[in-house]
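Thanks for asking me to look this one over. My notes follow as numbered points, to be read with the structure open beside them.

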Amino acid sequence: MHFCLTGQYTPRALNAILENPTINRQEAATKLIEAAGGKLISMYSVAADGPGVLVIFDVPDPSTAPPSPV
């Protein structure tokens, strides 16, 4: 089952990105998703609502996906 997750970077995270722009954030996301038994489909930087990220991933068991905010 495919899921879409969005998030915005905190000021601290933005500073870390600026200080070390060569860190592969997609690799880190892939490891996290694979640890839950899933697969990263795609990952994008987004500017809407502040700098952030949009991640599309597939997991066989929906209970391993993050809950949707109410």
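1. Start with Ser45: its bridge partner is Val53, which sits in S3. The pairing around it joins S2 and strand S3 (residues 52-58), which run antiparallel to each other over seven bridges. Please keep in mind throughout that this is a predicted model.

2. Stepping back to the sheet, three strands make it up, in the order S1-S3-S2, and it is an open sheet with antiparallel pairing. S1 and strand S2 (39-46) are the edge strands, each pairing on one side only. If you ignore direction, neighbouring strands of this sheet are turned against each other by 15 degrees on average.

3. What packs on this sheet? Helix H2 (residues 25-35) does, and the strands it touches are S2 and S3. The direction of H2 makes about 140 degrees with that of S2.

4. Now to Tyr9, which you will find in the loop between strand S1 (2-8) and helix H1 (11-19). Is Tyr9 buried or exposed? Neither label fits: with a relative accessible area of 26%, Tyr9 counts as partly exposed, because buried would need a value under 20% and exposed one over 50%.

5. Which residues does Tyr9 touch, once its neighbours within four places in sequence are left aside? The contacts are Leu14, Ile17, Arg25, Pro51, Gly52 and Val53. The last of these takes us back to the first point, since Val53 is the bridge partner of Ser45. Tyr9 and Val53 are 44 residues apart in sequence, yet their C-alpha atoms are 7.8 Å apart in space.

6. For the chain as a whole, the elements run β-α-α-β-β from the N terminus on, giving two helices and three strands. Among contacts with a separation of 6 or more, 47% come from residues 24 or more positions apart; the contact of Tyr9 with Val53 joins residues 44 positions apart.

7. A few overall figures may help you set up a comparison. Taken along the principal axes, the C-alpha atoms fill a box of roughly 35 × 30 × 15 Å. The protein chain has 70 residues, of which 17% count as buried. Its exposed area is about 5200 Å², with carbon and sulfur atoms supplying 60% of that.

8. Finally, the charges: the protein chain carries 4 positive and 6 negative ones, and the mean positions of the two sets lie 7 Å apart.

Technical notes: Residues numbered from 1 in each chain as written. Predicted model: local features only at pLDDT ≥ 70, side-chain atom pairs only at ≥ 80, totals over all residues. Heavy atoms only, no water. Helix = DSSP H or I, 4+ residues; strand = E, 2+ residues; numbered from the N terminus. Buried < 20%, exposed > 50% of the residue type's maximum accessible area, 1.4 Å probe, protein only. Contact = heavy atoms within 4.5 Å. Areas by Shrake-Rupley, 256 points an atom, 1.4 Å probe, with all protein chains shown as cover. Lys, Arg positive; Asp, Glu negative; His and termini not counted. Charge placed at Lys NZ, Arg CZ, Asp CG, Glu CD. Pairing = 2+ DSSP bridges. Axes fitted to C-alpha atoms, helices over the stretch in contact; angles between N-to-C directions.
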